[in-house]
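Please open the structure in your viewer and keep the sequence panel visible beside it. The stops below are meant to be selected one after another.

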Amino acid sequence: MSLIEFKNVTKQYKNGVTALYELSLSIEKGDFVFIIGGSGCGKSTLIKLLYREEKPSKGSIILGGINVGKLRNRSVYKLRRKLGIVFQDYRLLPKLTVYENVAFALEAIGEKKKNIRPKVLKSLELVGLKGKVREYPDNLSGGEQQRVAIARAIVNEPKVLICDEPTGNLDPLMSMEIVELLSSINQKEGTTVLMVTHDKEIVNKMKKHVIALKDGHLFKDYKKGEYVNEIL
Ligand code: ADP
């Protein structure tokens with residue numbers, strides 16, 4: 001069985017807008033997937049369904065054996081522990097240092113105190129920021145801030161790393177560095193990576209699994225990462 005499976009998933013919001021129609025797709029363990037498509041095509045909805053910010057109206061979503069839509073509210077933490085999430089705007093805590101921002105994610109889930117330091121340092125090393133542990137986010141470049149957010153997202157060794165337009169605020173060079181970093185985490189740690197993006201150059205350069213949405217429908221599912229022209 002695949003790590004992530006959507007079966008005939010429809011999502012209609014309360015205002016009547018249908019954001020996804022009968023979406024079926026599967027993502028294997030260790031996969032690196034770009035989710036692409038124009039504004040309003042349902043990319044964020046797909047992501048929100050995965051981390052149970054929203055529930056499907058119809059169909060089922062299975063992630064690592066968990067039926068995400070059917071999960072009780074009090075059990076959602078079980079799902080979230082399998083996930084790391086990175087957003088376009090980094091969402092770091094400005095009054096905490098780089099080290100503290102990453103440590104906070106472990107403290108919040110009740111990690112043993114003696115494990116926190118080695119895990120935080122390993123994670124910051126992986127993103128190339130071990131030298132910046134005492135800095136505050138405001139003193140870092142956008143690319144560095146996003147690296148901290150990635151370190152925070154992977155510090156608990158999630159099965160799936162979900163990135164919602166992680167390069168949306170970055171210039172092309174920094175964007176490519178962030179994608180290369182995500183790709184190395186995917187390869188070194190075996191973490192399954194899902195990345196929502198508008199960046200055609202990145203998608204075409206990396207040649208990964210590409211899921212393209214159009215008006216809430218699955219438009220293309222390129223398992224081997226072909227060039228994508230018409231959709232972006
Ligand atoms: P994308 O991320 O590709 O821009 P979204 O998933 O955000 O697309 O949106 C898909 C459609 O669902 C759009 O028409 C959007 O207006 C609508 N939508 C998104 N979130 C909500 C919401 N919370 N309530 C109502 N409609 C929504």
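What follows is a short tour of selections in a predicted model.

Begin with helix α1, residues 43-50, which is mostly covered, since six of its eight residues are buried. The residues to highlight are K43, T45, L46, I47, L49 and L50, which are the buried ones in α1. Then step on to R52, which follows α1 and has a positive phi near 65°.

Next, select strand β6, residues 83-87, another mostly covered element, in which four of the five residues are buried. Add strand β7, residues 160-164, to the selection: five bridges join β6 to β7, and the two strands run parallel. To see one particular pairing, pick F87, whose bridge partner in β7 is D164.

Move now to A103, which lies in helix α3, residues 98-108. Is A103 buried or exposed? With a relative accessible area of 2%, A103 falls under the 20% cut-off and is therefore buried. If neighbours within four places in sequence are left aside, A103 is in contact with I116 and V120. For a sense of scale, draw a distance from the C-alpha atom of A103 to that of H217, which is 114 residues away along the chain; the separation is 39 Å.

The next stop is a pair of helices. Two packed helices are described by the angle between their axes and the distance between the axes. Select α5, residues 142-154, together with α6, residues 172-189, which pack at an angle of about 20° with their axes 10 Å apart. Because this angle is under 35 degrees, α5 counts as roughly parallel to α6. The crossing of α5 past α6 is right-handed. Which residues make the contact? From α5 show G142, G143, Q146, R147, I150 and I154, and from α6 show M174, E177, I178, L181, L182 and I185. Coloured by type, the residues of this contact divide into seven nonpolar, three polar and two charged.

Finish with two backbone conformations. Most residues other than glycine have a negative phi, and most peptide bonds are trans. Select N8, which is not a glycine and yet has a positive phi of about 45°. N8 is found in strand β1, residues 4-12, and is partly exposed, with a relative accessible area of 41%. Then select K207, a residue other than glycine with a positive phi near 55°. K207 is placed in the loop between α7 (200-206) and β9 (209-214), and at 42% relative accessibility K207 counts as partly exposed.

Methods
Residues are numbered from 1 along each chain as its sequence is written. This is a predicted model: local features need pLDDT of at least 70, side-chain atom pairs count only at pLDDT 80 or more; totals for chains, interfaces and linings use all residues. Side-chain values use heavy atoms; hydrogens and water are left out. Axes are lines fitted to C-alpha atoms, for helices over the stretch in contact, and angles run from 0 to 180 degrees between N-to-C directions. Angles under 35 degrees count as roughly parallel, over 145 as roughly antiparallel, 65 to 115 as roughly perpendicular and the rest as oblique. A crossing is left-handed if the near helix is turned anticlockwise from the far one by less than a right angle, and right-handed if clockwise. Contact means heavy atoms within 4.5 Å. Ala, Val, Leu, Ile, Met, Phe, Trp, Tyr, Cys and Pro count as nonpolar, Asp, Glu, Lys and Arg as charged, and the others, Gly among them, as polar. Buried means under 20% relative accessible area, exposed over 50%, partly exposed in between (1.4 Å probe, protein chains only). Two strands pair if DSSP finds at least two bridges between them.
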